[in-house]
Amino acid sequence: MVTFPSQSEAAAASRGGGAGITAAVLALLGGLFHLVGVAGGAVLLAGDGDLGRSLLTFATHLVLAAALITGGVGLVLAKEFGRVATIIGAAAALFVYLLVLVLGAFGVYFLGLLDGDVPLGYVGVLCVPAIGTLVLACLPPTGRWVTQGWS
């Protein structure tokens with residue numbers, strides 16, 4: 001006789017790979033986005049007259065790219081450091097995006113933005129995947145994923 005597990009048994013047996021892998025993919029995509037920002041920061045360093053803004057843009061993108069890519073790879077490997085790096089990277093990205101809005105309101109522009117209006121819609125669009133990454137990385141199924149892994 002064949003017996004099928006109940007939904008509660010199936011849920012209990014779930015290792016959270018769906019949430020963990022989705023968080024990993026979002027972290028890797030965010031890291032790639034910030035790698036493009038690293039290249040843009042390098043271009044700013046070469047040609048912008050404001051060295052401080054150029055360095056800040058370059059360094060910010062570099063740190064965010066490193067944290068998110070490290071976290072994404074770690075989550076794919078089902079390692080706890082990947083979850084921690086993803087949470088730190090996504091939270092830092094959200095902080096930076098909010099900082100862009102606040103400082104932009106006072107006329108201080110960085111992260112590749114030139115003098116002028118801060119595109120609120122652009123920053124809002126950036127926040128959506130960062131929030132999704134942060135939420136998925138913090139979920140208990142992702143915690144199970146990093147403790148139980150692929151096996």
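I looked first at how α2 and α5 pack in this predicted model, and found that their axes (lines fitted to C-alpha atoms, for helices over the stretch in contact, with angles from 0 to 180 degrees between N-to-C directions) come within 8 Å and cross at roughly 145°. The crossing of this pair is left-handed, the near helix being turned anticlockwise from the far one by less than a right angle. I listed the residues in contact (heavy atoms within 4.5 Å), and on α2 they are Ala19, Thr22, Ala23, Leu26, Ala27 and Phe33, while those on α5 include Tyr122, Leu126 and Pro129.

I noted for the record that residues are numbered from 1 along each chain as its sequence is written. Local features need pLDDT of at least 70 and side-chain atom pairs count only at pLDDT 80 or more, whereas totals for chains, interfaces and linings use all residues, and side-chain values use heavy atoms, with hydrogens and water left out.

I then turned to α4 (residues 80–105) and α5 (residues 120–138), where helices are DSSP runs of H or I with at least four residues, numbered from the N terminus. Their axes lie 9 Å apart at an angle of about 160°, and the two helices are therefore roughly antiparallel, a term for angles over 145 degrees. Here too I recorded a left-handed crossing of α4 and α5. Among the α4 residues that make the contact are Arg83, Thr86 and Ile87, and α5 contributes Leu120 and Val123, among others.

Which residues of α3 meet α4? I found Thr60, Leu64 and Ala67 among them, with Phe81, Gly82 and Arg83 among their partners in α4. The axes of α3 (residues 51–76) and α4 come within 7 Å and cross at roughly 150°, and the crossing is left-handed.

Key
Angles under 35 degrees count as roughly parallel, over 145 as roughly antiparallel, 65 to 115 as roughly perpendicular and the rest as oblique.
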